[in-house]
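Subject: A structure for you to look at

Hi,

Here is the structure I promised to pass on. Have it open while you read, and turn it around as you go through my notes below.

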Amino acid sequence: MKILFQGDSITDAGRNREDYHDLGRGYPLYAAKYLKEMCSDTDFEFIDLGIGGHQTKDLVARLQSDFVDIDPDIVSILIGINDVWHHASDRSWLTNEYFENNYRTILQTIKDKTHAKIVMMEPFLIPVADKLFFREDLDPKIQIVRKLAIEYADLYIPCDGLLAAEFIKNPPTDYAADGVHPTPFGADFLGKVYAEKVKELI
């Protein structure tokens, strides 16, 4: 069972890019750990090709080499926060149409050129003071991701909503001190949620 993790720095998480089996220190590391525990009779190959700083346009550029050529059984995608963050300083937000077109291109190519089941992970934002204004652009883009999930996903993980529910029990910054990049505690939470959901596809 070949599982490909794709996305930005949240997926990259300091991995060794010379070895795509290195899962870094983020949620893929924990997801793999929990999946191996939950599905002990399954032989897994885990591949992490997340790259820090990447936006949807960058995944489009990597579609052949880092999606199609990998030919995974399951591909999970967590992308979108940089489509907001990289344009936040002057609020020169990407249009929702551009964002949707990029994401749709990624999903349609996976459907057309691989046999992979698609796991879509919702972009999220932890409420920290300096990034609260990201919501004006991120929230509409989350709605686009949810709409696309209905069309394309075999499984959808609503990370933003699931994290919001967790804040009733623990301080938000326990999950991502800077609002975006998960702490070990946050990565463990996302990894466990991932494994519990994705085991349905194994």
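Let's start with a lysine: the side chain of K141 reaches the backbone oxygen of L94 at 2.9 Å. Before you read on, bear in mind that this is a predicted model.

K141 sits in helix α7. Is K141 buried or exposed? K141 counts as buried, because its relative accessibility is 1% and the cut-off for buried is under 20%. Setting aside neighbours up to four places away in sequence, K141 is in contact with V84, L94, T95, N96 and F99. So that you can find the partner from before: L94 is in that list, and L94 is the residue whose backbone oxygen the lysine side chain reaches.

Stay in helix α7 for a moment, since L148 is found there too. L148 has a relative accessibility of 0%, so L148 counts as buried. Which residues does L148 touch, leaving aside those within four places in sequence? They are E100, Y103, R104, L107, M120 and A153. Take Y103 from that list: along the chain, L148 and Y103 are 45 residues apart, yet their C-alpha atoms are separated by 8.1 Å.

Now for helix α8, which covers residues 159-166. Its buried residues are C159, D160, L163 and E166. Where do they fall when you look down the axis of α8? They fall within an arc of 120°, so these buried residues line one face of the helix. Some background helps here: an α-helix has 3.6 residues a turn, so residues three or four places apart point the same way. As for what covers the buried residues of α8, the list includes β4 (117-121), α7 (135-152), β5 (155-157) and α9 (184-198).

Carry on past α8 and you get to T173, which lies in the loop between α8 and α9. With a relative accessibility of 38%, T173 counts as partly exposed. T173 touches I126, V128 and T183, if you don't count residues up to four places away in sequence. Try a distance here as well: T173 and K199 are 26 residues apart in sequence, and 28 Å apart in space from C-alpha to C-alpha.

Next, strand β4, where you'll find K117. K117 is partly exposed, with a relative accessible area of 36%. Beyond residues up to four places away in sequence, K117 touches D73, I74, V75, D154 and L201. How far apart in space are K117 and L201, C-alpha to C-alpha? They are 8.0 Å apart, even though 84 residues separate them in sequence.

Then there's a histidine. H54 is found in the loop between β2 (45-48) and α3 (56-61). H54 counts as buried, because its relative accessibility is 16% and buried means under 20%. The side chain of H54 makes a polar contact with the side chain of R62, at 3.2 Å. Not counting residues up to four places away in sequence, H54 touches G7, D8, R62, I79 and N82.

Two of those names turn up again in the next part. How many cavities of 30 Å³ or more does the structure hold? The answer is 1, and about 30 Å³ of space lies in the largest cavity. The lining of the largest cavity is made by D8, I10, L78, I79, G80, I81, P123 and F124. Those lining residues divide into 6 nonpolar, 1 polar and 1 charged. D8 and I79 are among the residues that H54 touches, and D8 and I79 also help line the largest cavity.

Last, a bit of backbone geometry. Most residues other than glycine have a negative phi, and most peptide bonds are trans. With that in mind, look at D71 and R91. Phi of D71 is near 50°, a positive value in a residue other than glycine. D71 is found in the loop between α4 (63-68) and β3 (74-78), and D71 is partly exposed at a relative accessible area of 37%. Phi of R91 is near 55°, again positive in a residue other than glycine. R91 is found in the loop between α5 (81-85) and α6 (96-113), and R91 is partly exposed with a relative accessible area of 44%.

Happy exploring!

Terms used
Residues numbered from 1 in each chain as written. Predicted model: local features only at pLDDT ≥ 70, side-chain atom pairs only at ≥ 80, totals over all residues. Heavy atoms only, no water. Helix = DSSP H or I, 4+ residues; strand = E, 2+ residues; numbered from the N terminus. Buried < 20%, exposed > 50% of the residue type's maximum accessible area, 1.4 Å probe, protein only. Polar contact = N/O pair within 3.5 Å; in protein donor to acceptor, adjacent residues only side chain to side chain. Contact = heavy atoms within 4.5 Å. Arc of directions from axis to C-beta. 1 Å grid on protein atoms, 1.4 Å probe; cavity = no way out; pocket = protein on both sides within 12 Å on 5 of 7 lines; lining within 4 Å. Points joined across faces, edges and corners; volume = space filled by probe spheres on them. Nonpolar A, V, L, I, M, F, W, Y, C, P; charged D, E, K, R; others polar.
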